[in-house]
Amino acid sequence: MLKLFKYNWQIRRDWFDWCETVSEEELLKKRTGGIGYILPTLYHVVAVEYGWICGGIQGKAIDIPPFKEVASLQQVQDFSARCHKELAPFVYDWDDSLEDCIMIDITDEGEREPHKYGEVMRHVIAHEIHHSGQLSIWSREIGKKPVNANLIGRGLFDI
């Protein structure tokens with residue numbers, strides 16, 4: 001699982017680099033599907049990862065600012081770095097004994113939903129991969145080559 005988190009973190013850095021080659025207007029332009037915007041999608045990926053791991057599993061009091069408070073590429077990158085610094089130690093220290101531990105999520109409707117830690121961790125991984133696919137489509141729509149999402153060749157499984 002750690003390798004897939006590292007993969008997502010590499011891809012995210014690549015998308016941030018990609019964003020530096022695109023105008024702010026394009027990053028904030030309304031698009032079809034998903035969150036509907038490039039930069040808010042990257043913010044959303046970070047906020048979801050941070051919320052599930054630090055706020056949900058770890059039960060910490062967390063601060064997720066609304067997008068309008070971090071609405072520039074640099075601010076989203078800074079938000080990502082802050083969240084990563086806090087959650088990465090938990091991901092690196094993960095062991096199988098945590099797999100079936102239960103966290104309680106409170107839904108928007110106030111309902112209590114139990115989730116196994118392992119399920120939540122894998123959801124976070126799949127969530128970012130899903131949104132990376134959306135970013136790739138939007139990239140092509142503006143005539144730019146998307147980030148290479150290959151898992152192979154990223155040094156994650158070096159022999």
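The bend of a helix at a residue is the angle between axes fitted to the seven residues ending there and the seven starting there. Helices (H or I, at least four residues) and strands (E, at least two) are DSSP runs, numbered from the N terminus. On these terms H3 bends by about 30° at Gly51.

The model is predicted: local features need pLDDT of at least 70, side-chain atom pairs count only at pLDDT 80 or more, and totals for chains, interfaces and linings use all residues. Residues are numbered from 1 along each chain as its sequence is written, and side-chain values use heavy atoms, with hydrogens and water left out.

**Helix spans and bends**

The expected span of a helix is 1.5 Å times one less than its number of residues. The table sets this value beside the distance between the end C-alpha atoms.

| Helix | Residues | Expected span | End-to-end C-alpha distance |
|---|---|---|---|
| H1 | 18 residues | 26 Å | 26 Å |
| H3 | 20 residues | 28 Å | 28 Å |
| H4 | 20 residues | 28 Å | 27 Å |

For H1 the two values agree, and for H4 they agree as well. H4 bends by about 35° at Glu86, and a proline, Pro89, follows within four residues. After H3 comes Gly59, whose phi is positive, near 70°.

**Burial and the nonpolar core**

Buried means under 20% relative accessible area, exposed means over 50%, and partly exposed lies in between (1.4 Å probe, protein chains only). A nonpolar core is a set of buried Ala, Val, Leu, Ile, Met, Phe, Trp, Tyr and Cys residues joined through side-chain atoms within 4.5 Å. The largest such core has 42 residues, and those with the most contacts inside it are Phe5, Trp18, Ile53 and Met121. Two or more residues of this core come from each of helix H1 (2-19), helix H3 (38-57), helix H4 (73-92) and helix H5 (117-141). H3 supplies the largest share, 10 residues. In soluble globular proteins, nonpolar side chains tend to be buried together.

Contact means heavy atoms within 4.5 Å. Not counting residues up to four places away in sequence, Ile53 touches Phe5, Gln58, Leu87, Phe90, Val91, Met121 and Val124.

H3 is mostly covered, with 15 of its 20 residues buried. The buried residues of H1 include aromatic and polar side chains, among them Phe5, Trp9, Trp15 and Trp18 as well as Asn8, Gln10 and Arg12. Their cover includes helix H2 (24-27), H3, H4 and H5. In H4 the buried residues include Leu73, Val76, Phe79, Cys83, Leu87, Phe90 and Val91, and what covers the buried residues of H4 includes H1, H3 and H5.

**Polar residues in the helices**

Gln77 lies in helix H4. Gln77 counts as buried because its relative accessible area is 16%. Leaving aside neighbours within four places in sequence, Gln77 is in contact with Phe16 and Glu20.

Gln134 is placed in helix H5. With a relative accessible area of 14%, Gln134 is also buried. Its side chain makes a polar contact with the side chain of His131 (2.6 Å). A polar contact is a pair of N or O atoms within 3.5 Å; within protein, one must be able to donate a hydrogen and the other to accept it, and residues adjacent in sequence count only if both atoms are side-chain atoms. Not counting residues up to four places away in sequence, Gln134 touches Gly33 and Gly34.

**Loop residues**

Lys30 lies in the loop between H2 and H3. Lys30 counts as exposed, at 54% relative accessibility. Its contacts, leaving aside neighbours within four places in sequence, are Ile35, Gly36 and Tyr37.

Ile64 sits in the loop between H3 and H4. Ile64 is partly exposed, with a relative accessible area of 33%. Leaving aside neighbours within four places in sequence, Ile64 is in contact with Tyr43, Ala47, Tyr50, Gly51 and Phe79. Gly51 is also the residue at which H3 bends. Ile64 and Ile102 are 38 residues apart in sequence and 23 Å apart in space, C-alpha to C-alpha.

**The hairpin**

Two strands pair if DSSP finds at least two bridges between them. Strand E1 (residues 102-106) and strand E2 (residues 112-116) run antiparallel and are joined by five bridges. Ile102 has Lys116 in E2 as its bridge partner, and Ile106 stands opposite Arg112 in E2. The two strands form a hairpin with five residues between them, and Gly110 in the turn has a positive phi of about 85°.
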